[in-house]
There are 2 protein chains.
Amino acid sequence: MSDTPATPRRRGAARTEELLRVTLDLAAEAGYAGLSIEAVGRRAGVGKHTIYRRWPSKAALLLDALSHVWTRDLDYRDTGDVRRDLREQFLRSGFALSSPPIGPIYRAVIAEAQADSVLRATLHERFLATVEQSTLDRITRAQHTGELTADANLEFAAEVLCGTLYYRSLLSTRPIDEAAIDGLLDMFMAAYGTTDQGLSGH
Amino acid sequence: MSDTPATPRRRGAARTEELLRVTLDLAAEAGYAGLSIEAVGRRAGVGKHTIYRRWPSKAALLLDALSHVWTRDLDYRDTGDVRRDLREQFLRSGFALSSPPIGPIYRAVIAEAQADSVLRATLHERFLATVEQSTLDRITRAQHTGELTADANLEFAAEVLCGTLYYRSLLSTRPIDEAAIDGLLDMFMAAYGTTDQGLSGH
């Protein structure tokens with residue numbers, strides 16, 4: 001940042017990490033409605049204007065905090081078996097989406113975004129675009145190694161993969177369980193897998 | 001109903017239709033938060049206990065009202081070309097989801113359901129299960145006529161089809177446009193279509 005040219009990058013990163021941790025702690029304690037940038041600033045010992053310089057709203061701050069935790073915990077492995085790596089990650093994501101404290105907080109942001117298209121755009125840009133991109137990266141690698149067909153439009157496939165799990169989580173009371181994930185992966189591999197397993201292996 | 005054995009069924013159906021219409025009108029005027037079973041009863045000239053006998057909550061009433069409109073307006077055609085019929089229906093559903101007054105009312109129910117698992121179950125049972133079933137019926141017919149492979153697990157495919165459109169509608173500001181629908185249908189037909197078109201036709 002131009003106003004703190006002498007601050008070592010590592011110290012800035014540590015301060016950001018502390019701020020995001022405090023944000024998640026407060027959200028877990030007070031819920032989304034009870035969260036405020038002022039309260040985060042007080043607990044972290046940072047002026048609220050400093051926070052506002054970087055995050056325009058508490059939603060943006062919270063989404064970065066969620067993203068910070070989830071991109072660390074929930075990144076895709078690359079074992080060379082795309083179906084296995086997607087499956088493992090979807091099981092973890094499904095668990096995270098449905099487990100307190102993060103699950104309910106995230107759900108509250110999604111709820112609020114339904115009446116607020118700016119927040120909906122923020123939600124997508126600050127969080128879901130990252131999730132989709134990480135999925136796209138993993139399946140693109142599988143395309144390069146020949147596990148997926150060369151002409152498949154994977155950008156949209158990444159959205160289908162993420163979207164189906166969110167649908168089940170947000171719009172039903174059915175769990176994101178192994179059967180659901182296997183059903184989704186059956187369809188994905190039947191569409192774009194280069195072996196026969198996707199067409200018959202379920 | 002046991003308390004009105006002499007009422008002709010047609011009159012009962014007309015009264016139900018009137019009640020559901022009044023529910024949608026009121027929701028469009030006052031929003032989800034301003035809707036109440038008392039207000040619906042007053043405008044329709046029906047006692048609130050009569051309404052509560054059939055609908056346990058305003059959410060259940062509103063979901064039946066939405067379902068009544070949408071299953072009439074948005075049922076799948078059967079032209080013998082499953083991709084074409086799905087595409088036409090998804091375009092209409094995408095428009096309905098994003099258009100006032102129904103779109104925002106429905107979105108408000110979805111938002112409220114995020115903090116209320118009973119409402120989420122009601123939402124799925126009273127509305128989305130119908131949408132998924134109608135999709136499943138259409139693609140099952142296509143399986144019977146040989147347009148889709150005989151061994152495909154279509155039950156889960158119906159959820160993937162519905163879920164992807166909802167994800168885009170609820171969690172981004174991207175429209176449910178022709179490109180999105182074609183991307184989804186490319187994947188669906190590549191997975192389960194019996195001709196080669198799905199594998200290369202995009």
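## Aromatic pairs

Over all chains, this predicted model holds 10 aromatic pairs, a pair being two rings of Phe, Tyr or Trp (its six-membered ring) with centres within 6.5 Å. In one of them, the ring centres of A:Tyr166 and B:Tyr167 are 5.7 Å apart and the planes lie at 40 degrees, so the pair is tilted; planes under 30 degrees apart count as stacked, over 60 as edge-to-face and the rest as tilted. This pair crosses between chains, running from helix α8 (residues 154–171) of chain A to helix α8 (residues 154–171) of chain B. Helices here are DSSP runs (H or I, at least four residues), as strands are (E, at least two), numbered from the N terminus.

## Relation of the two chains

A turn of 180 degrees, with a shift of 0.0 Å along the axis, lays chain B on chain A with an RMSD of 0.0 Å, which is the relation of a two-fold axis. The superposition is by least squares on the C-alpha atoms of residues with pLDDT of at least 70 in both copies. The copies meet through the same surface, because 100% of the interface residues of chain B are also interface residues in chain A.

## Packing of α6 and α7

In chain A, the axes of helix α6 (residues 102–113) and helix α7 (residues 117–144) come within 8 Å and cross at roughly 140 degrees, and the two are therefore oblique to each other. Axes are lines fitted to C-alpha atoms, for helices over the stretch in contact, with angles from 0 to 180 degrees between N-to-C directions; under 35 degrees counts as roughly parallel, over 145 as roughly antiparallel, 65 to 115 as roughly perpendicular and the rest as oblique.

The residues of α6(A) in this contact (heavy atoms within 4.5 Å) include A:Tyr106 and A:Ile110, while those of α7(A) include A:Leu123 and A:Phe127. By class, the contact has 8 nonpolar, 1 polar and 2 charged residues, where Ala, Val, Leu, Ile, Met, Phe, Trp, Tyr, Cys and Pro count as nonpolar, Asp, Glu, Lys and Arg as charged, and the others, Gly among them, as polar.

## Conventions

Residues are numbered from 1 along each chain as its sequence is written, and chains are lettered from A and ligands numbered from 1 in the order written. Local features need pLDDT of at least 70 and side-chain atom pairs pLDDT 80 or more, whereas totals for chains, interfaces and linings use all residues, and side-chain values use heavy atoms, leaving out hydrogens and water.
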